[in-house]
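Here are some short exercises to work through with the model open beside you. Try each task first, then compare your steps with the solution.

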Amino acid sequence: MKISKYLRDKLTLILGTVFIIVAIFLMGYVFKVKKDYMIALAVVVVLVVLVYILSDYFKRRHFYKNMMSTLDSLDQKYLITDMLPVPDFQEGELMMEALYDIDKSMKERINDIELGAIEFREYLEMWVHEIKVPISALRLMNYNQNTDLRKQKEQIDRINYYIEQILFYARADESEKDYLMNKVSIETIINKIVMENKTLLIGNRIAIEKENVDATVITDSKWLEFMLSQILNNALKYTSEGRQSYIKFSVIKDEKQTLLSIEDNGIGISEKDLPYVFDKTFTGENGRVRAASTGMGLYICKKLCDKLGHRITIQSKQGEYTKVMIGFGNDNYYEV
């Protein structure tokens, strides 16, 4: 901290002191005060201001010099607020408060990023375990020279499903950069995902039912396709044995919203697990009794619905049915 720059900052105080000294002499001459008294008073004023300036300068110089040397010695510069004492002048206090808030905000951001990285790594480990299953099945078919094209297509569809899931998960945090809100036909989307999953549907003998699906909503077609595909694959994963399985798509429309329902008669979800089905990596009781699951499908669906302004809910009764509902507002504000 240079004395010249400090004095430049105190220029107003210095000019004010000069003005006071001039005023002392002018008033002294007007009131005929002895010159010695005027000089003595001027000297006192100068000394008081000089003592203040010097003490303030050395106090600030010591603080900032200590701050810069501490900063130079730190590898992680954001820890500076933990290393410095609280300064005893107001500007320093304000600066430390600002640095503390900045430091706190950055630490929270770093924690969020680290937590996200940990969660992604954990999910990636589960995902690798999941995708190895259809890959191993295909390798076994190849080794046994199994030419059953339907079974091969099933495993390829499963691989494609898991690849789509991890791609959408990786882009979910910045999905607003990659969607286009427009008028979309629900029936067209349903038909498309049914065709894409027809091998799995046929192989598992799942009947598809549709009711009043000839409706349009304002959404992004690509993201809606992904969400319905996730919900359909969940229904396929948890079918109930010993009865004819079905997946039913239906639409109910009123003045406020268009409600798309996807219902299946699979094994259902236990009452205690139901509040947590949209939580990240939650698999619950069904994930333990059936094939391992990443527990990410419904979590990504919920995240995308929140970003798109839709509402997703779920109803289920264990051993009977599961119904996932997506509510689309009838507002045309986002339509392109």
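## Confidence first

The chain has an average pLDDT of 86, and 93% of the residues score at least 70; pLDDT is the predictor's confidence in each residue, from 0 to 100. This is a predicted model, in which local features need pLDDT of at least 70, side-chain atom pairs count only at pLDDT 80 or more, and totals for chains, interfaces and linings use all residues. Residues are numbered from 1 along each chain as its sequence is written, and side-chain values use heavy atoms, with hydrogens and water left out.

**Exercise 1.** Find which elements of the chain have the lowest and the highest mean pLDDT.

*Solution.* Begin with the low end: helix α10 (residues 284-289) has the lowest mean, 62. At the other end, strand β5 (residues 257-264) has the highest, 94. Helices (H or I, at least four residues) and strands (E, at least two) are DSSP runs, numbered from the N terminus. Where pLDDT is low, the predicted coordinates should not be read in detail.

## Two helices

**Exercise 2.** Check the end-to-end span of helix α5 against 1.5 Å a residue.

*Solution.* Step one is the expected span, 1.5 Å times one less than the number of residues. For the 54 residues of α5 (residues 90-143), that gives 80 Å. Step two is the model: the end C-alpha atoms are 78 Å apart, which agrees. Step three is the packing. The buried residues of α5 (buried is under 20% relative accessible area, exposed over 50%, partly exposed in between, with a 1.4 Å probe and protein chains only) include Met 96, Tyr 123, Trp 127 and Ile 131. The buried residues of α5 pack against α3 (35-73), α4 (80-83) and α6 (149-171). Finally, look past the helix: Gln 145, in the loop between α5 and α6, has a positive phi near 55°, in a residue other than glycine. Gln 145 is exposed, because its relative accessible area is 68%.

**Exercise 3.** Repeat the span check for α9, then ask how many of its residues are buried.

*Solution.* The 17 residues of α9 (residues 221-237) should span 24 Å, and the end C-alpha atoms are 24 Å apart, in agreement. Next comes burial: 14 of the 17 residues are buried, so α9 is mostly covered. At the start of α9, a side-chain oxygen of Asp 220 comes within 3.1 Å of the backbone nitrogen of Lys 222.

## Core and cysteines

**Exercise 4.** Locate Met 227 and list what it touches beyond four places in sequence.

*Solution.* Met 227 is in helix α9, and at 0% relative accessibility it counts as buried. Its contacts (heavy atoms within 4.5 Å) are Cys 301, Leu 304, Cys 305 and Leu 308, leaving aside neighbours within four places. Now widen the view to the largest nonpolar core (buried Ala, Val, Leu, Ile, Met, Phe, Trp, Tyr and Cys residues joined through side-chain atoms within 4.5 Å). Met 227 is among those of its 54 residues that touch the most other members, as are Leu 228 and Phe 249. The largest share of this core, nine residues, comes from α9.

**Exercise 5.** Why are Cys 301 and Cys 305 not bonded to each other?

*Solution.* A disulfide is a pair of cysteine sulfur atoms within 2.5 Å. The sulfur of Cys 301 is 6.6 Å from that of Cys 305, its closest cysteine sulfur, and therefore too far for a bond. The structure holds zero disulfides. As for burial, Cys 301 counts as buried at 0% relative accessibility, and Cys 305 counts as buried at 0% too.

Key: Polar contact = N/O pair within 3.5 Å; in protein donor to acceptor, adjacent residues only side chain to side chain.
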